[in-house]
There are 2 protein chains.
Amino acid sequence: MIRQLTIIGVGLIGGSLARALKQARAVQEVVGCGRDEQHLQRAMALGVIDRYDTDMTRAVAGADMVVLAMPVGAMEAVYRQIAAHLADDAVVTDVGSSKGSVVEAVRQAVGEVPARFVPGHPIAGTEKSGVEASFAELFQQRRVILTPLAHTDAGALARVRAMWQATGALVEEVGVKHHDEVLAATSHLPHLLAFALVDTLATMHDKVEIFHFAAGGFRDFTRIASSDPQMWHDICVNNRSEILAMLDLFMNDLDRLRQAIANNDSDYILEVFQRAKQARDQFSQV
Amino acid sequence: MIRQLTIIGVGLIGGSLARALKQARAVQEVVGCGRDEQHLQRAMALGVIDRYDTDMTRAVAGADMVVLAMPVGAMEAVYRQIAAHLADDAVVTDVGSSKGSVVEAVRQAVGEVPARFVPGHPIAGTEKSGVEASFAELFQQRRVILTPLAHTDAGALARVRAMWQATGALVEEVGVKHHDEVLAATSHLPHLLAFALVDTLATMHDKVEIFHFAAGGFRDFTRIASSDPQMWHDICVNNRSEILAMLDLFMNDLDRLRQAIANNDSDYILEVFQRAKQARDQFSQV
């Protein structure tokens with residue numbers, strides 16, 4: 001049982017975590033923190049948090065669990081501010097989509113990554129954002145990846161694991177770099193492609209008609225292009241090298257496919273489509 | 001009311017059309033035709049067709065409506081075979097995803113496109129294929145695009161329009177070339193990207209783990225990569241020039257976005273993502 005959970009950044013992820021833990025009776029008190037007081041008042045009104053403080057140092061005081069759920073770009077500044085105000089038994093974790101940059105930001109803030117900081121990433125979300133979109137079931141049967149470092153405290157790790165398990169999530173551990181590679185492939189690159197495709201169409205001269213004739217497949221394919229632009233900008237900046245590596249791999253493959261279409265190379269086209277369908281069908285059964 | 005509807009190619013589209021027209025009591029008799037007799041027997045057993053003939057010339061005899069729903073690649077050969085056996089009042093239409101190549105195939109088959117042939121394209125489908133996946137509601141509220149030529153018979157066009165309206169579809173008319181451009185943008189390119197992305201991931205060394213960590217957005221984004229590889233190969237071949245034009249436009253935009261990420265050009269990245277989100281949100285409200 002968490003005594004006092006302080007969430008910095010009460011949006012879709014932070015809000016859903018609070019709701020899930022309350023529903024599971026796994027937390028006594030949830031304290032919200034953020035820059036926008038009206039936003040925190042809405043979170044109060046929604047019953048997501050029990051109280052709030054716009055001052056980070058006061059918000060973390062007394063907390064045995066602190067979740068950093070604000071944008072990754074603010075990590076260094078936030079950690080620098082809260083470090084000296086954490087309780088002795090406090091465990092800190094985050095929900096950032098890239099882990100290398102988070103670890104580096106914490107290192108920049110306090111010299112070395114504290115043993116009681118556990119980098120984490122719930123692979124869950126919708127194209128919506130904000131506390132209004134939060135719901136207790138968001139993490140059920142979803143994976144949460146923790147990327148502990150060699151010197152991460154085993155007890156702190158166990159407490160973060162237990163917190164996510166209480167939300168119904170499936171918790172796994174992988175290395176920081178490996179996390180960033182896998183997420184670049186399965187999340188960051190698809191989002192980039194969806195944004196880029198919709199933007200290409202949106203800047204064509206007959207855009208209205210183009211969207212008019214778009215069918216169901218297009219709707220599914222581009223849903224993730226409705227995601228928060230600022231958040232995805234931050235992810236591009238924070239996981240840049242892994243994203244560029246994946247993008248280059250993909251663009252190279254796409255260029256080869258383009259050549260095959262231009263050259264009427266039916267064997268190559270069919271081979272790519274068949275291999276993809278097989279992989280997709282296999283994956284969707286998991 | 002259609003007296004005898006002959007469908008050549010009783011798959012997802014042909015089968016769903018038969019089901020929808022039967023449900024709407026808009027057809028008296030449905031005759032199926034195809035090369036695979038077992039497949040036609042299944043269509044009989046499912047109640048999708050009333051009788052079948054594996055011989056095309058016999059199957060079209062007496063039909064007042066003939067729907068060509070086999071792969072586009074077979075268009076020329078099929079049209080050449082059936083042309084002399086069509087009844088005087090027969091109207092012929094097709095369901096191909098590219099219209100320029102269909103018109104050209106019919107021209108190659110019979111010298112000039114007959115006035116009673118109405119090129120058509122229902123923008124509907126799922127990632128599944130085959131008559132087993134067919135259902136009567138497939139076309140409800142979906143667009144069906146007809147691309148009549150200058151000399152297309154007005155009565156024939158009206159009958160094809162009425163047929164699709166009976167399935168609950170929204171029927172529109174556009175030019176052949178314009179159809180092919182719009183579909184390259186909204187359907188063919190997204191399918192190519194989904195196939196290419198899944199194939200890139202499937203050929204990476206740690207593919208099992210990559211798919212293991214893939215989340216909901218990825219699932220939606222790649223659903224269309226489960227579509228029929230042969231059909232999409234045919235579309236690539238048949239709408240090649242429009243697809244290559246769209247692909248070049250997109251790859252150019254993607255390359256610019258790649259440069260922006262490499263150069264930390266936040267303004268450009270944000271601009272693309274914001275414009276895309278705005279277009280996607282606007283489109284999804286339509």
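Which residue is the bridge partner of B:L68 in β5(B)? In this predicted model, the bridge partner of B:L68 in β5(B) is B:D94, and this pair belongs to a sheet of chain B that is described here before the contact between the two chains.

The sheet of chain B is open and is formed by six strands in the order β3-β2-β1-β4-β5-β6, with parallel pairing. At its edges stand β3 and β6 (117-118) of chain B, each of which has a single partner strand, so one side of each is left without a neighbour in the sheet. In general, the strands of a sheet pair through backbone hydrogen bonds, either parallel or antiparallel.

Strand β1 (residues 2-8) of chain B is joined to β2(B) by six bridges, and the two strands run parallel. Within this pairing, B:T6 is placed opposite B:V31 of β2(B). Between β1(B) and β2(B) the chain passes through helix α1 (residues 12-23) of chain B, in a β-α-β crossover that is right-handed. Strand β2 (residues 27-33) of chain B is itself mostly covered, with five of its seven residues buried.

Towards the edge strand, β2(B) pairs with strand β3 (residues 51-52) of chain B in the parallel sense, over two bridges. The bridge partner of B:V31 in β3(B) is B:R51, while B:G32 has B:Y52 as its bridge partner in β3(B). B:V31 is thus flanked in two strands, since B:T6 stands opposite B:V31 and B:R51 is its partner in β3(B). The path from β2(B) to β3(B) leads through helix α2 (residues 37-45) of chain B, and this β-α-β crossover is likewise right-handed.On the other side of the pairing scheme, β1(B) and β4(B) are paired in the parallel sense over four bridges, and B:T6 stands opposite B:V66 in β4(B). Strand β4 (residues 65-68) of chain B is covered on both faces, with B:M65 and B:V67 buried on one side and B:V66 and B:L68 buried on the other. A parallel pairing over four bridges also connects β4(B) to strand β5 (residues 91-94) of chain B, and it is in β5(B) that B:D94 serves as the bridge partner of B:L68. Together with helix α4 (residues 75-82) of chain B, the strands β4(B) and β5(B) make a right-handed β-α-β unit.

The division into domains was examined in chain A, where the domain assignment gives domain 1 (2-174) and domain 2 (178-285). The centres of domain 1 of chain A and domain 2 of chain A, taken over C-alpha atoms, are separated by 30 Å. Contact between these domains involves 14 residues of domain 1 of chain A and 14 residues of domain 2 of chain A. On the side of domain 1 of chain A that touches domain 2 of chain A, four residues are nonpolar, eight are polar and two are charged.

The contact between the chains takes 72 residues from chain B and 72 residues from chain A. On the side of chain B that touches chain A, the elements giving two or more residues are α7 (176-202), α8 (207-212), α9 (216-222), α10 (229-238), α11 (240-262) and α12 (266-285) of chain B. Of these, α7(B) gives the most, with 17 residues. By class, the residues on this side of chain B comprise 47 nonpolar, eleven polar and 14 charged.

A turn of 180 degrees and a shift of 0.0 Å along the axis lay chain B on chain A with an RMSD of 0.0 Å. The two copies are therefore related as by a two-fold rotation axis. The C-alpha of chain B nearest the axis is that of B:F221, which lies 2.1 Å from it. The same surface serves both copies, with 100% of the contact residues of chain B recurring in chain A.

Two residues illustrate contacts that pass between the chains. B:L254, which lies in helix α11 of chain B, counts as buried because it has 23 C-beta neighbours inside 10 Å, the cut-off for a buried residue being 20 or more. When its neighbours within four places in sequence are left aside, B:L254 is in contact with A:A196 and A:M251.

A:V237, by comparison, is placed in helix α10 (residues 229-238) of chain A and is partly exposed, with 17 other C-beta atoms within 10 Å. Its contacts, apart from neighbours within four places in sequence, are with B:N264 and B:S266. Within its own chain, A:V237 is 197 residues from A:L40 in sequence, and the two are 28 Å apart in space, C-alpha to C-alpha.

Technical notes: Residues numbered from 1 in each chain as written. Chains lettered and ligands numbered in written order. Predicted model: local features only at pLDDT ≥ 70, side-chain atom pairs only at ≥ 80, totals over all residues. Buried ≥ 20, exposed ≤ 12 C-beta atoms within 10 Å, placed from the backbone. Pairing = 2+ DSSP bridges. Right-handed = clockwise from strand over helix to strand, strands pointing away. Contact = placed C-beta atoms within 7 Å. Nonpolar A, V, L, I, M, F, W, Y, C, P; charged D, E, K, R; others polar. Least-squares fit on C-alpha atoms with pLDDT ≥ 70 in both. Domains from an automatic or database assignment.
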